[in-house]
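Let's take a walk through this model together. Keep the structure open beside the text and turn it as we go.

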Amino acid sequence: MTNPQPETSARANKAPEETTPSLLKFNELSFSYADDEVLRQINLNLRAGEWMGVIGPNGSGKSTLIKLMGGLLKSSDDSILFRAKDIQSYSRAELAREIAWIPQETSTPFSFSAYEMVMMGRHPYLKAFRFESGEDHAICDRAMEITSTTEFKTRKFSELSGGEKQRILIASAIVQSPEIMLLDEPTASLDLKYQIQVLDILKSLNRERGITMVLAMHDLNLAAKYCHRLVLLKEGRIVCDGTPADVLQKDIIEDVYEVKVQILKSPMDGSLLIFPESE
Ligand SMILES: Nc1ncnc2c1ncn2[C@@H]1O[C@H](COP(=O)(O)OP(=O)(O)OP(=O)(O)O)[C@@H](O)[C@H]1O
Ligand SMILES: [Mg+2]
C-alpha cells in the first residue's frame, strides 16, 4: 500500500490541544424526523485534526449526527456552527469543498466506472460546462494510488466488492481535499484485512494531511485502537465524550449496550479490548 505524501508537517498521533480552533460546534442541538425527536441536547466541539469515533447501539443517532455535521440534514435553528458561522449559511458547494461524507450504504443508479466515481469528488471545484483539467486527473490518479485502487480504474463501480467500493469512496473523498471526512461505518462490511487497510489509510490522512476524521463505528475494539476521542450515544443523547479509556469503562458499556463485558488491555499496543459475555 502506498502511503499519502505529507502535505503539512507530520502530526503526532494524539488528540489536538484544547487551544486548537473549533471546526464544528453543536450548541444544545435537538433534532426530530417529523415528530420523532432522535437527538437531544447535543453539545459537541470538534477541533481541527481530531479523530472522533461515534459509537452507540443501533438507532442511537450516529448516522443522524454525522449527516447534521455534513449539512446533509438541517437543524431547525442555528445550533450548528462550522468555523464559527451557522452551517446553514454555507452553500452546498462551499460545504462540499470542506466536508466529505461517505454514507453507510451506497448505491448508484447509473453504471459509473470506478474512475468516474472518484472524479465526482472534484465536482465542487469544477465550473459549470467546464471539462476536468489535467490537474483534476492527476489528483484523481494520486488518490487512487493512495487507496491502492488504480487497478479498478475502468471497472464498473457497481461490480466491485464491498472493500474495493469503500476504498473508491475514500479516494473520491480525498480528491475533494476536505478539512473533515465524515465516514458512516466505513468498515462494517469489510473482512479483517480490508478493515485494517481502510483504517490505516484514514490514519495516514489524519496524521500526514491533518484531515479531521469523524467515524461512526460499531466495532469497539477498532474504535479503541484508532480513535483519539469517542462520543457514546444512547437514545439520542451523549452519555460519554472523552478518550477511549474514559468512555470504554465496564459499567458504562454494560449500561448502554445492555450486555455484560470484559475489558482487557491489548498486550501488543495497550489499546482496550472489549469482549461481550454470553449468559
Ligand atoms: N429518514 C428518517 N425518517 C424517520 N426516522 C428516521 C430516519 N432516519 C433515521 N430515523 C430514526 O432515527 C433514529 C436514529 O437513527 P440513526 O440512523 O441516526 O441511528 P444509528 O445510530 O446510525 O443506527 P445504526 O447503528 O443502525 O446505523 C432511529 O430511531 C431511526 O429509526
Ligand atoms: Mg447508522
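Before anything else, one definition: a residue counts as buried if 20 or more other C-beta atoms lie within 10 Å of its own, as exposed if 12 or fewer do, and as partly exposed in between. Try that on Gly 162: it has 14 other C-beta atoms within 10 Å, so Gly 162 is partly exposed. Bear in mind throughout that this is a predicted model.

While we're at Gly 162, have a look at its surroundings. Gly 162 belongs to helix H5. Setting aside neighbours within four places in sequence, Gly 162 is in contact with Ser 189 and Leu 190. Thr 187 is 25 residues away from Gly 162 along the chain, and the C-alpha atoms of the two are separated by 9.3 Å.

Now zoom out to the whole protein chain. Nine helices and twelve strands make up its inventory of secondary structure. Its C-alpha atoms fill a box of roughly 55 × 45 × 40 Å along the principal axes. The radius of gyration is 19 Å, which agrees with the value near 19 Å that a compact globule of 279 residues would have. By the burial count, 36% of the 279 residues are buried. How much of the contact map joins residues at least 24 apart? Among contacts between residues at least 6 apart in sequence, that share is 68%.

Next, the inside. In soluble globular proteins, nonpolar side chains tend to be buried together. Here the largest nonpolar core has 70 residues, and the members that touch the most others are Val 54, Val 118, Ala 143, Leu 182 and Val 214. Helix H5, spanning residues 162–174, contributes the largest share of this core, with six residues.

Val 214 makes a good place to stop. Beyond residues up to four places away in sequence, Val 214 touches Leu 46, Met 52, Val 54, Ile 66, Met 69, Ile 180 and Leu 182. Two of those names, Met 52 and Val 54, take us to strand S3, where both point the same way. Trp 51, Gly 53 and Ile 55 point the other way from S3. Is S3 mostly covered or mostly open? The strand, residues 51–55, is mostly covered, with five of its five residues buried.

What does S3 pair with? One partner is strand S8 (residues 212–216), in the parallel sense over four bridges. Within this pairing, Met 52 stands opposite Val 214 in S8, so we're back at our core residue by another route, as Val 214 also touches Met 52. Another partner is strand S9 (residues 229–234), again parallel and over four bridges. There, Gly 53 stands opposite Leu 230.

A second piece of strand architecture is an open sheet of four strands, running in the order S2-S1-S4-S5 with antiparallel pairing. Its edges are S2 and strand S5 (85–86), each of which pairs on one side only. Follow strand S1 (residues 22–33) alongside S2 and you'll find eight antiparallel bridges. In this pairing, Phe 26 has Leu 44 of S2 as its bridge partner.

Strand S2 also leads us to the ligand. Which elements supply at least two residues each of the shell around ligand 1? They are strand S2 (36–47) and helix H1 (62–69). H1 gives the most, with three residues. The full shell reads Tyr 33, Asp 36, Val 38, Gly 56, Asn 58, Gly 59, Ser 60, Gly 61, Lys 62, Ser 63, Thr 64 and Gln 104. By class, that comes to two nonpolar, eight polar and two charged residues.

Finally, two backbone oddities. Ser 148 isn't a glycine, yet its phi is positive, about 50 degrees. Look for Ser 148 in the loop between helix H4 (134–146) and H5. Glu 235 is another non-glycine with a positive phi, about 45 degrees. Glu 235 sits in the loop between S9 and strand S10 (237–242). Are these buried or exposed? Ser 148 has 15 C-beta neighbours inside 10 Å, so it counts as partly exposed. Glu 235 also has 15 C-beta neighbours inside 10 Å and therefore counts as partly exposed.

Definitions and conventions
Residues numbered from 1 in each chain as written. Chains lettered and ligands numbered in written order. Predicted model: local features only at pLDDT ≥ 70, side-chain atom pairs only at ≥ 80, totals over all residues. Core = buried A, V, L, I, M, F, W, Y, C linked by C-beta atoms within 7 Å. Contact = placed C-beta atoms within 7 Å. Near = placed C-beta within 6 Å. Nonpolar A, V, L, I, M, F, W, Y, C, P; charged D, E, K, R; others polar. Rg over C-alpha atoms; globule rule 2.2 N^0.38 Å. Pairing = 2+ DSSP bridges.
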